[in-house]
Amino acid sequence: MSNTMYNKMWHQTQEALGALLDKEPQKMVEPQRNQGFIFQTLATFYIKYVQIFRNLENVYDQIVHPQKRILIRKVLDGVMGRILELKNEMVELELTEFHYFDDILQDLKLAPQQLDIPIPKYFLKEKLEVIKGREKILAQILADSGIDTSEMVWRRFHQCKKTEKLREEEMIFLGMNPPPLFNEVSATVIQAEKVDRLRNEVQMKHEEDYREALVTIKNDLKLIEGLDIKENLQDQIRHWFIECRNLTGTFPDYPDIEEGGSAIIFSNKTIQQVIEDIIANQEEEEKNEKKKKKKKEKQPKKTKRQKKGTKEKNKEEDEKWKMSPSLFLPAMKEGCNAYKEIWMNKDESWNFSQDFDPELIKEEKRKELESEIRVQVDELMRQELKNLKLAVDREREHPAKVGKKKKKGKKGKKKEKKTKKDKDLTADRTIESLYKELVEEGLLIQALKVNLSDYIGEYSYLGTTLRQVSIEPMPSLLDVRQLITLYGIWPLGSAAVHEKAPLVKSLLLAGPSGVGKKMLVHAICTETGANLFNLSSSNIAGKYPGKNGLQMMLHAVFKVARQLQPSVVWIEDTEKTFYKKVPNAEKTNEPKRLKRHLPQILKLLKPDDRILIVGTTRRPFDAELQPFCRVYQKIILVPRPDYASRYVLWKQIIERNGGVLTSALNVSCLAKVTDGFTQGHIVKVVKAVLTDQRIRRQIHKPLTAVEFITAITSMDPVYKEEEESFKNWYAKTPLGKKRALAITGGSAEKAKDKGKRKEKKEKKAKKKK
């Protein structure tokens, strides 16, 4: 795909986004009551934004023009944030994390695969050097902290080879290196790979040229235009002095540095507009003085009936659904306007190579230079104004008005609130030393290189149909994958999205053993380059003993997590932290050490802290429900794979392990027979069957389903009863309760009210006890 094609794709996507931004306010302003209509509206916008995001992400990754990329990035982050806002609205409306769009996808003529949410490649591309450096340090610390010194040389050699392999895999994943079976691939694919690599190189080169040009063009402007800018500003400000005196009889007060100096008066205004503003301000002051003189008439008190009437009106308005204001629409609109003004009809026939545009840099740097020179000019003009005022005062032979200035000084000063900062327990230590200590203690671990795309599964094609007959379907594996992207990967990967999007501080993955919960945690770290901290009760047992030790451990973990963000804090078997009753065998490990501290930690996490707490559990029913749900904001049920997912899993895992699929292997039969078996089971069986010898014999004796079925019979599946126990447990969680109430005849609003009432009753009962 050429630069021209990607430019065309960008223009089309910008047009589609512009049309969507025009439609959204029209649909969302009016309050609505019909829940079905509201969901259809939200879902349609969500799906359309996902399509725009998929195209924009592709364009941003491939386009080489540095200035276009800055704008695309701004819009891309805005679209990501808007998708998260719409997702949040749908969750609050339907009281479930999982939504099904089968009917809407049909209307829009889209396949379910087009709803798949990609992970922006820039998450890793833009901080590749940082990630590499951190991995190297981590590997070195792990190698140095080896117990057996005799094996040190071998361990170091092994670690170097391992790191080399990981780096190679990473480069292949980012498209910077060709895949291992490069020569066996068709010529077209080889050419495409080559073009991609070249484009990445051009992108980096153009980026460097652009950064250099920012400095050189500014320096040239300073030499050529600096003096003219200074003189023009001085003339403009002198003219303002004279006009003010002519209109008001006195010289104006010069704005302070804190207020922005003369920039606040002349920001995008001509001298004529400034004069008009002075006249308007005078008239407004006169009107305000007249109003103050008039005594305010006392408003009659409302009667009980009137109050009742207004309450009922407010209730009716509350019942009607209204869209929450968006924090991302302004940025997207701004981006669209910039696109229309600069790029929409721009003639780029001269810029075939898509290098930076020097005229745009000049425009930007001229403004920057002007604001820098304005600071110097302001200092000179403040003195000039002072001298003018003194000269006038001498003529009039009476002192300058000091009172006003004093008053203004008082107004300007704001009372500084004393904020209590958290005591830094390790103020005397470097982040590097804390990082090393946490690695040596086994609290900061190396994440496995796993991509989210390795979490194989299929869509739930019957979701809408089941919900229409009031059956709550189990989420599909790809539903889970999407939620991991939306709640975990996107906010951790983008600081702009994390700061403004609905904040998700903690995530719980609950499901039977072998469904890939641990893999998903590692995938979040791989896709975002996040550090992985392990605070599982088994991992912290015996480490940092006592109350002070625990405090020090948590302080160190979250200090390093903040400094080197993004970070994931993982708590495996997290139900143990909230045990109803601690088993005797585990009492010495103190599994409930973190129970009191986790809610406090969550409170301290702010929107600019890209830290996510992820808990994984296979026995959530062993935990005290209320404190458990108070810590985990989002609960995702990870199911055993359904037939469609098992079919895809068998095919892909057999192929990945060197197996060849032929007509002799009935994959459909395998998928049907293995109902209840998890991804973990399937991987174990495939690896057990596909030995090196068996792979070599495939030519003479193709693989059959019986071989795999024989191997899987020795394993215990996840029975339906176990899956039901997870569903029943989830129905007791806050969102599960609300959803269950809504399904059994109560509206979403009633469900919310009932939930609140129950919580209040429970609190009262606890107090009485």
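This passage describes the central sheet, the nonpolar cores and some local backbone features of a predicted model.

The model is predicted, so that local features are reported only at pLDDT of at least 70 and side-chain atom pairs only at pLDDT 80 or more, whereas totals for chains, interfaces and linings use all residues. Residues are numbered from 1 along each chain as its sequence is written, and side-chain values rest on heavy atoms, with hydrogens and water left out.

Six strands form an open sheet of mixed pairing, in the order 1-3-4-5-2-6; helices (H or I, at least four residues) and strands (E, at least two) are DSSP runs numbered from the N terminus, and two strands are taken to pair if DSSP finds at least two bridges between them. The edges of this sheet are strand 1 (444-445) and strand 6 (634-637), each of which pairs on one side only. Within the sheet, strand 3 (residues 531-534) runs parallel to strand 4 over four bridges, with Phe-533 opposite Val-569 of strand 4. Strand 4 is in turn joined to strand 5 (residues 611-617) by six bridges, again in the parallel sense, and here Val-569 stands opposite Ile-613, while Val-568 stands opposite Leu-612. The connection from strand 4 to strand 5 passes through helix 22 (residues 597-604) as a right-handed β-α-β crossover, where right-handed signifies that, with the strands pointing away from the viewer, the path from the first strand over the helix to the second runs clockwise. Strand 5 also pairs with strand 2 (residues 506-510) in the parallel sense over five bridges, and Gly-615 of strand 5 is the bridge partner of Leu-508.

Burial was assessed from relative accessible area, with buried meaning under 20%, exposed over 50% and partly exposed in between (1.4 Å probe, protein chains only). Five of the six residues of strand 4 (residues 567-572) are buried, so this strand is largely enclosed by the rest of the structure. In strand 5, seven of the seven residues are buried, and that strand is therefore also largely enclosed by the rest of the structure. In a regular strand the side chains alternate between the two faces of the sheet. In strand 5, Ile-611, Ile-613, Gly-615 and Thr-617 point one way and Leu-612, Val-614 and Thr-616 the other way, all of them being buried.

Thr-616, which belongs to strand 5, counts as buried because its relative accessibility is 5%. Its side chain makes a polar contact of 3.1 Å with the side chain of Trp-570; a polar contact is a pair of N or O atoms within 3.5 Å, of which, within protein, one must be able to donate a hydrogen and the other to accept it, and residues adjacent in sequence count only if both atoms are side-chain atoms. Contact in general means heavy atoms within 4.5 Å, and, not counting residues up to four places away in sequence, Thr-616 touches residues including Leu-508, Lys-517, Val-521, Trp-570, Asp-573 and Glu-575.

Nonpolar cores were defined as sets of buried Ala, Val, Leu, Ile, Met, Phe, Trp, Tyr and Cys residues joined through side-chain atoms within 4.5 Å. The largest such core has 150 residues, and Tyr-46, Tyr-49 and Leu-535 have the most contacts inside it. Helix 2 (residues 35-62) gives the most to this core, with 14 residues. Beyond its neighbours within four places in sequence, Tyr-46 is in contact with residues including Ile-83, Leu-86, Met-90, Phe-101, Gln-482 and Leu-486. A second, separate core of 23 residues includes Ile-217, Leu-221, Ile-229 and Met-381.

Most residues other than glycine have a negative phi, and most peptide bonds are trans. The bond from Gln-565 to Pro-566, however, is cis, with omega near 5°, and Pro-566 lies in the loop between helix 21 (546-563) and strand 4. Lys-109, in the loop between helix 4 (102-107) and helix 5 (122-125), has a positive phi of about 55° although it is not a glycine, and this residue counts as exposed at 75% relative accessibility. Glu-590, in the loop between strand 4 and helix 22, likewise has a positive phi, near 45°.
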